[in-house]
Amino acid sequence: MEIDMETLFEEARKAADFAYAPYSRFRVGAALLAEDGTVFTGCNVENRSYGLTICAERSALVQGVGRGRRGFIALAIATPDSEDPVGPCGACRQVLSEFMAPEAAVRFGGRGPRRVDTTIGFLYPYDSLHDLAKSLR
Ligand code: THU
């Protein structure tokens, strides 16, 4: 399937408008493309107990899994409050890798023109237990 990463990025950018980020004032939007072509979006949802914050990427992922999807082939992340691209946090890289193949495409960008195009495998290398997760999903 030909993946339109710029359209996916636009979806992520729109999702960032729903961010609940009164503490950091840093909005993040994510858009995940499922194997069947459906797009699931998410935003960061902060909490006054700061550590309970949920990132945009995991928010999008649980939307998809909660609607019966188990495989995702591309991810876009938009951070309109930064000029430059901001990549997913370590926790999200681990959680995304549960449902994404190492070759799955990832694009991230801020409000400026720069985009980073990479893969889950590059962001989360040496994923020794990936096959265990895959065999169970
Ligand atoms: N955040 C995300 O949603 N995704 C990331 O990949 C990086 C960080 C959120 C968490 C917090 O609400 C805000 O951005 C600042 O860290």
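**Exercise 1.** Determine whether Asn 44 is buried or exposed, and describe its surroundings.

Solution. Step 1: Asn 44 has a relative accessibility of 5% and therefore counts as buried; buried means under 20% relative accessible area, exposed over 50% and partly exposed in between, with a 1.4 Å probe and protein chains only. This is a predicted model, in which local features need pLDDT of at least 70 and side-chain atom pairs count only at pLDDT 80 or more, while totals for chains, interfaces and linings use all residues. Residues are numbered from 1 along each chain as its sequence is written, and side-chain values use heavy atoms, with hydrogens and water left out.

Step 2: Asn 44 sits in the loop between β2 (39-43) and α2. Helices (H or I, at least four residues) and strands (E, at least two) are DSSP runs, numbered from the N terminus.

Step 3: Leaving aside neighbours within four places in sequence, the contacts of Asn 44 include Tyr 20, Phe 26, Val 28 and Ile 54; contact means heavy atoms within 4.5 Å. The Asn 44 side chain also reaches the backbone nitrogen of Val 28 at 3.0 Å.

**Exercise 2.** Find which N or O atoms of Asn 44, Ala 56 and Glu 57 lie by ligand oxygen atoms.

Solution. Step 1: For Asn 44, a side-chain N or O atom is 2.9 Å from a ligand oxygen. Step 2: For Ala 56, a backbone N or O atom is 2.9 Å from a ligand oxygen. Step 3: For Glu 57, the atom is again in the side chain, at 2.6 Å. Step 4: On its own the ligand has 370 Å² of accessible area, of which the protein covers 78%; such areas come from the Shrake-Rupley method with a 1.4 Å probe.

**Exercise 3.** Identify which members of the largest nonpolar core touch the most other members, and which element gives the largest share.

Solution. Step 1: The core has 21 residues, and Leu 32, Phe 72, Leu 75, Leu 96 and Met 100 touch the most other members. A nonpolar core is a set of buried Ala, Val, Leu, Ile, Met, Phe, Trp, Tyr and Cys residues joined through side-chain atoms within 4.5 Å. Step 2: Elements giving two or more residues include β1 (29-34), β3 (72-79) and α3 (90-99). Step 3: β4 supplies the largest share, four residues.

**Exercise 4.** State where Arg 70 is found and what it touches.

Solution. Step 1: Arg 70 is in the loop between α2 and β3. Step 2: With a relative accessible area of 46%, Arg 70 is partly exposed. Step 3: Not counting residues up to four places away in sequence, Arg 70 touches Val 65, Phe 99 and Arg 137.

Methods
A polar contact is a pair of N or O atoms within 3.5 Å; within protein, one must be able to donate a hydrogen and the other to accept it, and residues adjacent in sequence count only if both atoms are side-chain atoms.
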